[in-house]
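Here are my notes for you after a pass through this one. Have a look at the model first, then read on.

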Amino acid sequence: MSTFLIDHAFLPSGFARDVRVEVEGGLITSVEPDRPTGAAERLRGIAVPGMPNLHSHAFQRGMAGLAERRGPANDTFWTWREVMYRFLGRLSPEDVEAVAAHAYAEMLEGGYTLVGEFHYLHHDTEGRPYSDIAELAGRIAAAAAEAGIGLTLLPCFYAQGGFGGRPPVEGQRRFINDPGSFARLLDGARRHLERVPGARMGVAPHSLRAVTPEALETVVGLAPDGPVHIHAAEQWLEVEDCVAWSGRRPVEWLLENAELDQRWCLIHATHMTADETVRLAASGAVAGLCPLTEASLGDGTFEGPRFLLGGGAFGIGTDSNIQIDVAAELRQLEYSQRLHHRGRNVMTLEEGESTGRRLFTAALAGGARAMAQPMGAIEPGRRADFVVLDAEHPALAAAGPESWLDCWIFSAGRDLVKDVIAGGERVVTDRRHHRRDAIAARYRAALARLVGGV
């Protein structure tokens, strides 16, 4: 058992002072405000719950900044995807682990304490299974264990290159499985997850363009107690192709055929009608929003206000990992809505409420649901995940508790994150991950070998 004494902590009831928190087995066992004395590890600053990162492709951290040159006249997500295919075509298992460990250390420094890894890189560079079919899932688990981040692993099922059984393209050869090989992959991945305390596993049928309806049903049944994540309606071309194939839009098809509920997380869900938005909100499924990546790829803007008014749950993810920062992701979500709706403080429900607090608490709750993890609040039974903000930072000079979250999200950003406890263990001290130097050295060595051919 360990004990922390926190100057200020964001509890479900609001900010409290001198909060004594006891932890056992990585979980909080008791929380007592106004307990300023007694033996404990002191956390100086403002502690908030660690944020779940509900959607990551860790390997893409290694290509951040490498796709920012003008492509063909119509440069889109689909041309960016070709750069991504060239990059992943060179990754060895050692590279996958090195890049993931670096991304996960940065996530902890940026305020995320658990990652949902949407893991679709399964086979060798020729598309052949490794002798351990879950070799690369094992590398993800090893990277998470080294970094000290919590993990919900979401092995991705990918079987075709487009709607209607279109064959995969060469760049997808490392993704492809049939339901039988995918079931074996899941069994192997479960064994690898034993090295990560508290790890969970779900499944991720990649998208409706990558699976058949029959395979979707089979794959969802392979993880009856785990979360189900799927890309949906990220790009307008995807919507058009889905309508041509089925007569339905992607989210519409899922609502009618997949029995969406709280197990499900629809990643992006960018292009929805008003009816789809309201029905998705009512289903209990989480909208997995990745605003920085969605802006980077020119995806479009999620219909935030309508979804929020309908009681919809959302969380945030770093997706392509171009920038890893809780505050920046939430800020981009709000600013995208401001640009689209030509207003301010759009992602709120009541006059006078804090936009930062609304965004932060909603993303905590939705992310915890999508990860199927006991996190998102500083209270007994939850993961002991604390992100400690620097109370002495100049960005907070004129702020009180009612505006601390706003100043973090809309002003200071990740520079405010001082210390991080994940699963009861200190992993960041004074803004540095405790294994930053070793992890960064391996990352630099991997990138030096990889980038020449991208």
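The points below go from the annotated domains to a pair of helices, and then to a few single residues in loops.

1. First, a caveat: this is a predicted model, so please read everything here in that light.

2. Let's start with the UniProt record. An unreviewed entry there lists residues 8–43 as "domain: Formimidoylglutamate deiminase N-terminal". In the model that span is 67% strand and 0% helix, and its end C-alpha atoms lie 9 Å apart.

3. The unreviewed entry in UniProt also gives "domain: Amidohydrolase-related" for residues 46–427. Over residues 46–427 the chain has 39% helix and 16% strand. The C-alpha atoms at the two ends of this stretch are 17 Å apart.

4. Now for the helices. How do helix 11 and helix 12 pack? Helix 11 covers residues 326–341 and helix 12 covers residues 355–371; their axes are 10 Å apart and meet at an angle of about 115 degrees. The crossing of helix 11 past helix 12 is right-handed.

5. Which residues make that contact? Helix 11 brings Leu330, Leu333 and Glu334, while helix 12 brings Thr355, Leu359, Phe360 and Ala363. Sorted by class, the contact comes out as five nonpolar residues, one polar and one charged. On the spacing, an α-helix has 3.6 residues a turn, so residues three or four places apart point the same way. Keep that in mind when you look at Leu359 and Ala363 on the helix 12 side of the contact.

6. Is helix 12 enclosed or open? Twelve of its 17 residues are buried, so helix 12 is largely enclosed by the rest of the structure. The buried set includes Thr355, Leu359, Phe360 and Ala363, the residues that helix 12 uses to touch helix 11. Also buried are the glycines Gly356, Gly366 and Gly367, along with Met371.

7. A quick check on the length of helix 12: at 1.5 Å a residue, its 17 residues should span 24 Å, and the end C-alpha atoms are indeed 24 Å apart, so the two agree.

8. Two backbone spots deserve a look. Arginine 342 is not a glycine, yet its phi is positive, at about 55 degrees. Arginine 342 sits in the loop between helix 11 and helix 12 and counts as exposed because its relative accessibility is 81%, with the cut-off at over 50%. Alanine 372 also has a positive phi of about 55 degrees without being a glycine. Alanine 372 is in the loop between helix 12 and strand 14 (386–389) and is partly exposed, with a relative accessible area of 26%.

9. Arginine 344 is another residue of the loop between helix 11 and helix 12. With 61% relative accessibility, arginine 344 counts as exposed. Setting aside residues up to four places away in sequence, arginine 344 touches Glu334 and Arg338. Glu334 is also one of the helix 11 residues in the contact with helix 12. As for arginine 139, it is 205 residues from arginine 344 along the chain, and their C-alpha atoms are separated by 43 Å.

10. Last one: is aspartate 390 buried or exposed? Its relative accessibility is 13%, so aspartate 390 counts as buried. You'll find aspartate 390 in the loop between strand 14 and helix 13 (404–412). Apart from neighbours within four places in sequence, aspartate 390 is in contact with Leu396, Leu416, Lys418 and Arg431.

Technical notes: Residues are numbered from 1 along each chain as its sequence is written. This is a predicted model: local features need pLDDT of at least 70, side-chain atom pairs count only at pLDDT 80 or more; totals for chains, interfaces and linings use all residues. Side-chain values use heavy atoms; hydrogens and water are left out. Axes are lines fitted to C-alpha atoms, for helices over the stretch in contact, and angles run from 0 to 180 degrees between N-to-C directions. Helices (H or I, at least four residues) and strands (E, at least two) are DSSP runs, numbered from the N terminus. A crossing is left-handed if the near helix is turned anticlockwise from the far one by less than a right angle, and right-handed if clockwise. Contact means heavy atoms within 4.5 Å. Ala, Val, Leu, Ile, Met, Phe, Trp, Tyr, Cys and Pro count as nonpolar, Asp, Glu, Lys and Arg as charged, and the others, Gly among them, as polar. UniProt positions are given in the numbering used here, feature names are shortened, and annotations may be inferred rather than shown by experiment. The expected span of a helix is 1.5 Å times one less than its number of residues. Buried means under 20% relative accessible area, exposed over 50%, partly exposed in between (1.4 Å probe, protein chains only).
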